[in-house]
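Let's take a walk through this fold, one helix at a time. Have the model open and follow along.

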Amino acid sequence: MVDLAAPRSPGPRHWYVVSRVEFKDIVAYWQKKEDESGLAVDWSEAHERCWRCAYKARLEKCHIIPDSLGGTATPDNFVLLCGRCHREAPNHANPRYMWVWLRATCLPFNDMYWTNRGQEEFETMFGRTPLDWADALDLDAGALQAEFNTLLRTEFSRAVIHFGEGRMNPSTIACVLAEVELQLAAQHDVAITNSEAGYAGARFIRKMLGQTDTP
Ligand SMILES: [Zn+2]
């Protein structure tokens, strides 16, 4: 099977090149070209919020076409992303993919993106959504939320933000959710079972290897 993420050598890689283009030039250019519908940010905030995760963060100029593939250091070839989103952005010669990716992977709510990524990581790790058992409890949603938030504050003290990262990463958020959920379930005498077989994440690999797709 082909390792799709293998280093390409001696092929081109994407290097960060310092450019003098200012954020306001990039925003002004794209404001005229791209409709903000389906994007994470309004153009009025695009100079201070990441165009993908919509968090207020120190923004970086991200090449649309990598400079090593002929992309220029001009406003038409940049979008503004936080460091974490920059590292996940496509490095491809076809510039349209950047906009497909931005629209497909963003959330149209401020400050929710990384929480949502943590929830997705939970689903991959445990094969179900967090608190999927809670509906059957017939509890007041507000009371459950309050219990959840109390436990969350304690559980956050058992996790850290990795050095150099500004925020907790999705897998750590998933672990925090798992711990909170276990305690919440115990408080309500609910037995929860987690599939820890890594089924969801391994499904694609198994398919590529031609193995039977069994949970
Ligand atoms: Zn971001």
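Which exposed residues does the face of H1 turned away from its buried side carry? Keep in mind that this is a predicted model. The answer is Lys24 and Lys32. Now flip to the other face: the buried residues of H1, which spans residues 23-33, are Ile26, Val27 and Trp30. They sit on the same side of H1 because they cover an arc of only 95° around the axis. That fits a simple rule: an α-helix has 3.6 residues a turn, so residues three or four places apart point the same way. As for what covers the buried residues of H1, that includes strand S1 (59-63) and strand S2 (78-82).

Next, head over to H6 (residues 170-187) and look at how H4 (residues 113-126) meets it: their axes come within 7 Å and cross at roughly 70°. H4 and H6 are therefore roughly perpendicular to each other, and H4 passes H6 in a right-handed crossing. On the H4 side the contact includes Trp114, Phe122, Met125 and Phe126, while H6 brings residues including Pro170, Ile173 and Leu177. Sorted by class, the residues of this contact are nine nonpolar, four polar and three charged.

H6 has another partner in H5 (residues 141-156), and here the axes come within 9 Å and cross at roughly 130°. That angle is why H5 and H6 count as oblique to each other. H5 passes H6 in a right-handed crossing. Among the residues making this contact are Phe148, Leu151 and Leu152 of H5, and Val176, Val180 and Leu184 of H6. The contact of H5 with H6 has seven nonpolar, two polar and three charged residues.

How values were computed
Residues numbered from 1 in each chain as written. Predicted model: local features only at pLDDT ≥ 70, side-chain atom pairs only at ≥ 80, totals over all residues. Axes fitted to C-alpha atoms, helices over the stretch in contact; angles between N-to-C directions. Helix = DSSP H or I, 4+ residues; strand = E, 2+ residues; numbered from the N terminus. Parallel < 35°, antiparallel > 145°, perpendicular 65-115°, else oblique. Left-handed = near helix turned anticlockwise from the far one by under 90°. Contact = placed C-beta atoms within 7 Å. Nonpolar A, V, L, I, M, F, W, Y, C, P; charged D, E, K, R; others polar. Buried ≥ 20, exposed ≤ 12 C-beta atoms within 10 Å, placed from the backbone. Arc of directions from axis to C-beta.
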